Amino acid sequence: MYKSIALVDLSCLFKRTFEACPPKGAENTLAEIVRVSERVEHVVVCLDAPPYKRKEIFPEYKAHREEPTTAERYQKRWLYDQLQERGYQIAKLQGQEADDVIATMSRIYGESCPNVWLVGADKDLAQCVTDNVLQLIPAHGERVEHFRGPQAVKEKYGVTPAQIPLYLALVGDKSDNVPGVKGIGQVKAAGLIGEYKTLTGIAENLGAIGGPMGKALAEGWEQLVLSLSLVLLLRAWLHE
């Protein structure tokens with residue numbers, strides 16, 4: 001078994017490098033993956049595989065995203081070919097996103113591998129973080145590369161990794177078109193979770209919350225449950 005492994009969210013990594021420097025987006029993404037591979041025993045590059053099953057739950061999921069340009073498509077193809085030529089292991093599952101693949105593999109490798117890196121800046125991945133499964137946030141602009149463990153996740157979002165799905169369900173996610181609950185932002189979401197811990201805890205105390213927040217939760221409850229189903233990453237398709 002590996003002593004260290006990196007699970008790379010390719011679309012997340014490419015998106016940021018392409019936006020920063022479109023002519024060299026693919027080259028810079030490849031260089032980033034090579035740098036990661038020099039620091040761990042094994043690398044798995046994880047891919048999205050649309051159409052997503054989440055659209056069966058919510059047809060508007062990611063519906064506002066623009067189609068990639070011809071240049072972007074060309075660079076993605078070049079990057080994929082380069083990764084295959086260099087022998088990188090590729091992982092994907094039809095209907096699922098790279099985050100779901102990473103979540104499942106991190107669960108499995110995390111049981112025996114002392115150092116598992118989740119390479120990608122998406123906040124969804126924070127729900128997978130444990131003492132030995134760390135999120136590696138790549139450098140971007142003035143932001144330097146850094147790791148997030150459980151304490152860093154708590155410091156950034158105000159909740160534990162296990163509570164990240166509920167946090168994201170409450171605040172929503174514009175990039176993925178996840179609705180969330182209108183009127184509840186990051187601070188209020190963290191406060192609710194800090195007091196009531198879980199969705200069940202909030203439900204059991206809904207009548208006592210009262211005020212604008214209680215009203216927002218009551219009126220947006222269906223959206224909250226829907227949003228939670230969209231942000232909760234799949235973790236079982238390779239297990240056992």
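# A tour from helix α2 to the sheet and loops

Select α2 first: its buried residues are Gly25, Ala26, Thr29, Leu30, Glu32, Ile33 and Val36. Here buried means under 20% relative accessible area, exposed means over 50%, and partly exposed is in between, with a 1.4 Å probe and protein chains only. Seen down the axis of α2, these buried residues fall within an arc of 160°, so they line one face of the helix. The arc is taken from the directions that run from the helix axis to the C-beta atoms. An α-helix has 3.6 residues a turn, so residues three or four places apart point the same way.

The model is predicted: local features need pLDDT of at least 70, side-chain atom pairs count only at pLDDT 80 or more, and totals for chains, interfaces and linings use all residues. Residues are numbered from 1 along each chain as its sequence is written, and side-chain values use heavy atoms, with hydrogens and water left out.

Helices (H or I, at least four residues) and strands (E, at least two) are DSSP runs, numbered from the N terminus. Stay on α2 and look at its length. α2 has 13 residues and reaches 18 Å from its first C-alpha to its last, close to the 18 Å expected at 1.5 Å a residue. The expected span is 1.5 Å times one less than the number of residues.

**The second largest pocket**

Keep α2 shown and add α1 (10-20); these are the elements that give two or more residues to the lining of the second largest pocket. The pocket has a volume of about 170 Å³. Of its 14 lining residues, the closest to the centre are Thr17, Glu32, Pro138, Ala139 and His140. Which element gives the largest share of the lining? That is α1, with five residues.

Colour the lining by class: six residues are nonpolar, four polar and four charged. Ala, Val, Leu, Ile, Met, Phe, Trp, Tyr, Cys and Pro count as nonpolar, Asp, Glu, Lys and Arg as charged, and the others, Gly among them, as polar. A pocket is an open set of points on a 1 Å grid over the protein atoms alone, where a 1.4 Å probe fits, with protein on both sides within 12 Å along at least five of seven lines; lining residues have an atom within 4 Å of a point. Grid points are joined across faces, edges and corners, and the volume is the space filled by probe spheres set on the points.

**The strands**

Now select β1, residues 4-9. Six of its six residues are buried. Ser4, Ala6 and Val8 are on one side and Ile5, Leu7 and Asp9 on the other, and both faces are covered.

Two strands pair if DSSP finds at least two bridges between them. Add β2, residues 42-46, which pairs with β1 in the parallel sense over five bridges. Ala6 stands opposite Val43, and Asp9 stands opposite Cys46. Is β2 covered on one face or both? Both: His42, Val44 and Cys46 on one side and Val43 and Val45 on the other are all buried.

From β2, move to β3, residues 89-91, which runs parallel to β2 and is joined to β2 by three bridges. Val45 of β2 stands opposite Ile90.

Go back to β1 and select β4, residues 115-119. β1 and β4 also pair in the parallel sense, over five bridges, and the bridge partner of Leu7 is Leu118. Next comes β5, residues 133-137, with four of its five residues buried. β4 and β5 are parallel and share four bridges; Val119 stands opposite Leu136. End with β6, residues 146-148, which pairs with β5 in the antiparallel sense over three bridges. Ile137 has His146 as its bridge partner.

**Stops in the loops**

Most residues other than glycine have a negative phi, and most peptide bonds are trans. Select Pro50 and Pro51: the peptide bond from Pro50 to Pro51 is cis, with omega near 5°. Pro51 is in the loop between β2 and α3 (54-57).

Asn177, in the loop between α7 (164-171) and α8 (186-196), has a positive phi, near 65°. Asn177 is partly exposed, at 28% relative accessibility. Lys197 lies in the loop between α8 and α9 (199-204), and its phi is near 70°, again a positive value. Lys197 is partly exposed too, with a relative accessible area of 47%.

Finish at Tyr61, in the loop between α3 and α4 (70-85). Is Tyr61 buried or exposed? Tyr61 counts as buried, at 2% relative accessibility. Now show Pro179: Tyr61 and Pro179 are 118 residues apart in sequence and 9.2 Å apart in space, C-alpha to C-alpha.
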